[in-house]
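Please open the model in your viewer and keep the sequence panel visible beside it. The tour below proceeds by selection, one stop after another.

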Amino acid sequence: MQNLKDGWYCKKEYRDKNGDWHTSISDYMSKEEAETYCNKWNANHSTLDGDCSLCYDSDFDIEEVEEK
């Protein structure tokens, strides 16, 4: 079960070996854990290959509404 109390998650948009783009969304975690994960991922990858963003659960709800 996800930790809904904290509500922070990482959204990673990245390119694989074949050049295809993918989006990956982590489980909920504390803000500190999510920041650490995103910072480490971004430090080890070129922005041309993708980006990891720190998000909060209310951000996700806004995205869902905008897509409709």
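Select Tyr14 and then His22: Tyr14 stands opposite His22 in S2. Strands here are DSSP runs (E, at least two residues) and helices are DSSP runs (H or I, at least four residues), both numbered from the N terminus. The model is a predicted one, in which local features need pLDDT of at least 70 and side-chain atom pairs count only at pLDDT 80 or more, while totals for chains, interfaces and linings use all residues. Residues are numbered from 1 along each chain as its sequence is written, and side-chain values use heavy atoms, with hydrogens and water left out.

**The hairpin**

Next, display S1 and S2 together. They form a hairpin with five residues between them, and they pair in the antiparallel sense over five bridges; two strands count as paired if DSSP finds at least two bridges between them. In the turn, select Gly19, which has a positive phi of about 90°. Then move to Lys11, whose bridge partner in S2 is Ile25. Lys12 stands opposite Ser24 in S2.

**The whole sheet**

Now add S3 to the display. Seven bridges join S1 to S3, and these two strands run antiparallel. To see one such pairing, select Tyr9, whose bridge partner in S3 is Cys55. Which order do the three strands take in the sheet? The order is S2-S1-S3, in an open sheet with antiparallel pairing. Strand S2 (21–25) and strand S3 (50–56) stand at the edges with a single partner strand each, so one side of each has no neighbour in the sheet. From one strand to the next, the twist averages 15° (axes are lines fitted to C-alpha atoms, for helices over the stretch in contact, and angles run from 0 to 180 degrees between N-to-C directions).

**Lys12 in strand S1**

Select Lys12, which lies in strand S1 (residues 8–15). Is Lys12 buried or exposed? Lys12 is buried, where buried means under 20% relative accessible area, exposed over 50%, and partly exposed in between (1.4 Å probe, protein chains only). Lys12 has no salt bridge, that is, no side-chain nitrogen of Lys or Arg within 4 Å of a carboxyl oxygen of Asp or Glu. The nearest side chain of opposite charge, Asp51, is 12 Å away; Lys and Arg count as positive and Asp and Glu as negative, while His and the chain ends are not counted.

Show Tyr37 as well. The side chains of Lys12 and Tyr37 make a polar contact (3.2 Å); such a contact is a pair of N or O atoms within 3.5 Å, where within protein one must be able to donate a hydrogen and the other to accept it, and residues adjacent in sequence count only if both atoms are side-chain atoms.

**The helix and a loop residue**

Turn to helix H1 (residues 31–43), which lies across S1 and S3 and runs at about 170° to S3. Then select Ser30, in the loop between S2 and H1. Ser30 counts as buried because its relative accessibility is 15%. Leaving aside neighbours within four places in sequence, Ser30 is in contact (heavy atoms within 4.5 Å) with Asp6 and Trp8.

**The full chain**

Finally, show the entire protein. From the N terminus on, its elements run β-β-α-β-α. Buried residues make up 19% of the 68 residues.
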